[in-house]
Amino acid sequence: MNPIFVYILMFLSLWTVAFTILAKNIRGDASNRWIGISLFVGGCASFAFSIHATIIPFLDRHDALTPTLQRALELVSIPAFWLYWHGLGYFMLVSALLYSRLLRPPAARIAAILLAVPPAAVFVRTADFTLPFELELSDVRLVNGLYVGAAILLFFGGIRLEKDARKRKNLVRTAVVLSTAILWAYVNDFLGMIRFSFGNRHFTLESNGMWEYNYLIIFWLVACFLYYGLKYGFLGVKLRVEEQKFEDSMRNLTHGTQILNHSIKNEVQKIHYLAGRAQTFLKDNRSDKVELSLTGIGQVADHLLDMIDRIKGKAGEVELKESKESLVELIDSVLGAVRPLHPGQVSVTKDYAADGLLLCDRSHIREVLGNLFMNAFEAMPRENGRLHVRTEYKKRKLRITITDNGCGIDKDNLPRVFAPFFSTKKDSLSYGLGLSYCYSVIGKHGGKIYVEWSEPGQGTSMRIEFPAARFEPAATAASVPFVVH
């Protein structure tokens, strides 16, 4: 293949993967975003080399290279060189730190800032953006070597913390692919190269020549990304996961159908039994007993109709009748209605850092809040239950967070909590449509609902977010927490 196309395809393919990962994780996993940035940084080297090894010679052979154009191309390549040789180890190490989940987000952010100090110090000491340009690889070899080694250890170290077998396999794939890529890059580009310089119509490179085979690792990385992305889901590009979600929904639907079938069968058996008794009493001319049996049949039929109406109300299409409602009054009214339903003692802490008018369907939002409060109360212990409700307006989003100290949600069940007919409750009247309904209602409002965190035995925090267009903040808000027993 023509070298021009090889070098150009190297950075184009790597940048395509990087931007795909970033686009898919723009509001998703932070570690995947950093990996996307790392791959972009990785492509900067082949981009810069393609300028000097292919583009400038190609233009020169076709008499299209003017001194001004050459100088412009060389100046464009300088920041790409600096970003790769000073930043690759840093970006990969932060990616691995986030990916391993060894530190919580606040601590991870602090660590990312501190880790930037050594490469930044080397950059300040050695950086030069003038022509002729020269880069001595011994200046960046040590820091990047330490960072690359630490990144590989973290990528594989995070695997041990994952309990889910399917997720663990994905972590192994990711660790193998990324660790192989950065190790290859370090050996060829940081150890194999000594120095390079360019300017005044020359490009000089001292190395062992192994960098010329970097296209193999880039094409291998892209091939792994495409294969694993299509088959399993890889670095947030979850083509397979959508199919998995469909399979989970179908499995939940089957389970829900079985529950409904069991419930309806029980009620029909009751009707059959009562009808048989009524026939017997008619033959015996016992009108009082016939009336009693008919009353029982009516009660069973009412229960069936009520069950059908409740399922229809939860599973049917949500239609909004919108009005502007006071946020705090809406929450308090729902909380006041469901609070007495908890059989034990519970303390409710309210932290209303935001108040104002919410454009919403009052009935549906009341039902959503009622579902979340009831789920929290049912998960709490009978004694010393604690519920925390917080509102805040942050980053142009209204957030309502409901936190309890209940039994929590098992990690394996977290991805399925909003799936129709999925429920962990033993109650036969629980059809697993509550959170599915909540998801549909909030989605209709242009917002989102999700589990902020949950730990078995410690509790759960649910969060609702509404876009800024639906909320008019009040001039002041009650930001001081208060407690209701």
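## Close-ups of a predicted model

**View 1. Glu206 and Arg195, a charged pair across two strands.** In this predicted model, Glu206 is partly exposed, at a relative accessible area of 33%. Its partner Arg195 also counts as partly exposed, with 25% relative accessibility. Their side chains meet in a salt bridge, 2.8 Å from N to O. Glu206 sits in strand 3 and Arg195 in strand 2, so the pair ties together parts that are 11 residues apart in sequence. Look at the backbone too: Arg195 stands opposite Glu206 there.

**View 2. The open sheet of strands 1, 2 and 3.** Here three strands line up in the order 1-2-3, with antiparallel pairing. Strand 1 (133-136) and strand 3 (203-207) are the edge strands, each with a single partner, so one side of each has no neighbour in the sheet. From one strand to the next, the twist averages 5°. Helix 3 (residues 67-100) packs on this sheet and touches strand 1 and strand 2; its direction makes about 160° with that of strand 2.

**View 3. The hairpin of strand 2 and strand 3.** Strand 2 (residues 193-198) is joined to strand 3 by five bridges. Phe198 has Phe203 as its bridge partner in strand 3. Four residues lie between the two strands, and Gly199 in the turn has a positive phi of about 135°.

**View 4. Inside the largest nonpolar core.** Zoom in on a core of 73 residues, where Leu39, Phe81, Tyr84, Trp85, Phe133, Phe155 and Phe196 touch the most other members. Helix 3 gives the largest share of this core, 17 residues. As for Tyr84, leaving out residues up to four places away in sequence, the residues that Tyr84 touches are Val41, Gly42, Cys44, Ala45, Ala185, Asp189 and Phe190. Another core lies apart from this one; it has 39 residues, among them Val338, Val368, Phe373 and Ile449.

**View 5. Strand 7 and its two partners.** Strand 5 (residues 346-352) runs parallel to strand 7 (residues 385-394), and seven bridges join them. Tyr352 is found opposite Thr391 of strand 7. Strand 8 (residues 397-404) runs antiparallel to strand 7, this time with eight bridges. Tyr393 faces Leu398 of strand 8 as its opposite number. The hairpin of strand 7 and strand 8 has two residues between the strands, and Lys395 takes a positive phi near 55° there.

**View 6. A network of salt bridges.** Asp351, Arg390, Glu392, Glu452 and Arg463 are linked in this network. Arg390 and Asp351 form a salt bridge, with their closest N and O atoms 2.4 Å apart. That pair links distant parts of the chain, with Arg390 in strand 7 and Asp351 in strand 5, 39 residues apart. Asp351 is buried at 10% relative accessible area, while Arg390 is partly exposed at 25%. Arg463 and Glu452 pair up as well, with their closest N and O atoms 2.9 Å apart. Arg463 belongs to strand 10 (residues 459-467) and Glu452 to strand 9 (residues 448-455), so this salt bridge ties together parts that are 11 residues apart in sequence. Arg463 is buried, with a relative accessible area of 10%, whereas Glu452 is partly exposed at 34%.

**View 7. Helix 13 and the residue that follows.** Along helix 13 (residues 434-444), the buried residues include Gly434, Leu435, Ser436, Tyr437, Cys438, Val441 and Ile442. Just past helix 13, Gly446 has a positive phi of about 80°.

Definitions and conventions. Residues numbered from 1 in each chain as written. Predicted model: local features only at pLDDT ≥ 70, side-chain atom pairs only at ≥ 80, totals over all residues. Heavy atoms only, no water. Pairing = 2+ DSSP bridges. Axes fitted to C-alpha atoms, helices over the stretch in contact; angles between N-to-C directions. Contact = heavy atoms within 4.5 Å. Core = buried A, V, L, I, M, F, W, Y, C linked by side-chain atoms within 4.5 Å. Buried < 20%, exposed > 50% of the residue type's maximum accessible area, 1.4 Å probe, protein only. Salt bridge = Lys/Arg side-chain N within 4 Å of Asp/Glu carboxyl O.
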